[in-house]
Each structure stands twice: as C-alpha cells, then as structure tokens.
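User: Could you take a close look at one part of this model for me, the last helix and what surrounds it? I would like to follow the packing residue by residue, with the cysteines and the main pocket covered too.

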Amino acid sequence: MFQKESNYSVLNKFLKNSLAIFTALVKYIYFSFFKKNYFNNHHLEITLKDSFHLSVKWYSHDEYIVYKKKLLKLIRKETSDPLEVIEYALNECSHCNFIIFSCENEDEFIQFWLGDKKLMADWPIIKENTNFKKHTYEMLGVLNSLDIHRVNLITTKKPKRLPYYVHNIDNKLETYSIYFQKYPQDAVKFTEIMLRDIFKENLENLNIKIG
C-alpha cells in the first residue's frame, strides 16, 4: 500500500511540474514574440533539483534582476577571483538587457548589451564621457590582440561564428559595437585588459550593474 501511494505521489508531482512547465513556456513564447519590450520582459527559469523535482519560476523583468543580483552577491562570497566573477556574470546574466563592469572610477566602464540575445560590447564616443574617445586606439589594439577585427557590413556578410566589431557613425553618434558571438572567454579577456591595463583600475574593486 505504501509503495502504491509513493508511486502515485511521484507521478502526481511529475504531472504538476509538466503542467507548470507547459504553462510557463506558453507565457514565455507569448511575451517574447508578441509583447517584446526590453524592460518589461518576462523570464522563465527551470532547474532540476533532484530526480523528480523540477523548479519552475516565472519572473517579471524587475523580479528577474533582483534574483540575478542575489546570485552575483553569492558568487562574490564564493570566489575572490575577479575573472571568475566576470565570467559568471556574463553567463548567468545573459538574459538581462545590459551588464556594466567598472571599478572605483564609474566613468571608466565596459558595457555589454544583451537584450537581443547577443553578447555585444558597446564603445560609444560621446561628449558626456571623454574617456572612450581618449582610449579608442588602445581599445582597438586590445581587439587586434584578441584577433577580433572590423567588418564592414555594407561590403561583407556578417560572420556567423567568429567575433568581430562594427564601426558606426550615425547622426553624429559614433560607436564601436563588438560582437563576441559564442566566445565569452574573449569578452572576459577584453573586460579584464580594458579595466586593468587601459583604465588602470584595480579589479579587486570590481562593480557590476545589470538591468
């Protein structure tokens, strides 16, 4: 009798989890494809805790950011290596809209735009912050050292796998958009070199902002 009840309990949990996953997936597809709004996204998190226990959570964007900030605090307690923290942050927060790395000087930072499900660093040349213009040639040298080169999308097709960068000048707004593709390790290295060697910051004072 106990064995039958046990099997029924397991099956019942499985069916409930399956229904929860299906409902969450329907919501996720609806909001992702029909209600897309970068700062009003909805996020689905599915984790397997043991053989028959799936955790299904549905977050608003604000709730999701709070959740990810808690995870970032935890990793800071688990490791003192800033490179591990940067790598973890880029992987764990890949569904956020943006992530910004800085140290003591908040005007010197590396920002990634992630809202379109791409790992893209943005280097804007703006009057409000002259640090970018001042360090542009050094930044391009770092990209060259990582074997990341410029692509002119007017004359060349967009690379499908290899990292590349694009130089945009539009209505007096000048930016360098660096697409790391499936090479997050290059994004980590780029962030490390720019903060430590170009901006002369101490990585032990690493700050992370997400949104």
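Analyst:
**A close look at helix 6 and its surroundings**

Gln111 is a good place to step in: its relative accessible area is 10%, so this residue counts as buried. Please keep in mind that the model is predicted. Gln111 sits in strand 4, and strand 4 (109-113) is one of the elements that the buried residues of helix 6 pack against. Beyond its neighbours within four places in sequence, Gln111 is in contact with Ile99, Ile100, Met120, Ala121, Asp122 and Pro124.

Now for the wider setting. The chain folds into six helices and nine strands. Of its 211 residues, 40% are buried. Among contacts with a separation of 6 or more, 50% join residues 24 or more positions apart.

Helix 6 itself covers residues 184-198. Its 15 residues should span 21 Å at 1.5 Å a residue, and the end C-alpha atoms are 20 Å apart, so the two values agree. The buried residues of this helix are Asp186, Ala187, Val188, Phe190, Thr191, Glu192, Ile193, Met194, Leu195 and Ile198. You will notice that charged side chains such as Asp186 and Glu192 are on that list. What do these buried residues pack against? Their partners are helix 3 (82-92), strand 3 (98-102), strand 4 (109-113), strand 5 (120-125), helix 5 (136-145) and strand 8 (173-179).

Just past the helix, the backbone has a feature worth finding on your screen. Lys200 follows helix 6 and has a positive phi, near 60°. Further along, Leu203 lies in the loop between helix 6 and strand 9 (207-210). With a relative accessibility of 10%, Leu203 is below the 20% cut-off and therefore counts as buried. Leaving out residues up to four places away in sequence, Leu203 touches Glu192, Leu195 and Arg196, along with Pro82, Leu83 and Cys103. Glu192 and Leu195 are themselves among the buried residues of helix 6. Leu203 also comes within 8.5 Å of Ser102, C-alpha to C-alpha, although 101 residues separate the two along the chain.

Strand 9 leads us to another buried side chain. Lys68, in helix 2 (residues 61-78), has a relative accessibility of 1%, so this lysine counts as buried. Outside its neighbours within four places in sequence, Lys68 contacts Glu45, Glu92, Cys93, Cys96 and Ile210.

Two of those contacts are the cysteines you asked about. Why are Cys93 and Cys96 not joined? Their sulfurs are 4.4 Å apart, which is too far for a bond, because a disulfide needs the two sulfur atoms within 2.5 Å. Cys96 is accordingly in no disulfide, and a search of the whole structure finds zero of them. Both residues are buried: Cys93 has a relative accessible area of 0%, and Cys96 has a relative accessibility of 1%.

Finally, the main pocket. The largest one holds about 400 Å³ of space. It is lined by 17 residues, and the closest to its centre are Lys117, Lys118, Leu119, Gln181 and Lys182. By class, that lining is made up of seven nonpolar, four polar and six charged residues.

Key: Residues are numbered from 1 along each chain as its sequence is written. This is a predicted model: local features need pLDDT of at least 70, side-chain atom pairs count only at pLDDT 80 or more; totals for chains, interfaces and linings use all residues. Side-chain values use heavy atoms; hydrogens and water are left out. On a 1 Å grid over the protein atoms alone, a cavity is a set of points where a 1.4 Å probe fits but cannot get out, and a pocket is an open set with protein on both sides within 12 Å along at least five of seven lines; lining residues have an atom within 4 Å of a point. Grid points are joined across faces, edges and corners, and a volume is the space filled by probe spheres set on the points. Buried means under 20% relative accessible area, exposed over 50%, partly exposed in between (1.4 Å probe, protein chains only). Helices (H or I, at least four residues) and strands (E, at least two) are DSSP runs, numbered from the N terminus. The expected span of a helix is 1.5 Å times one less than its number of residues. Contact means heavy atoms within 4.5 Å.
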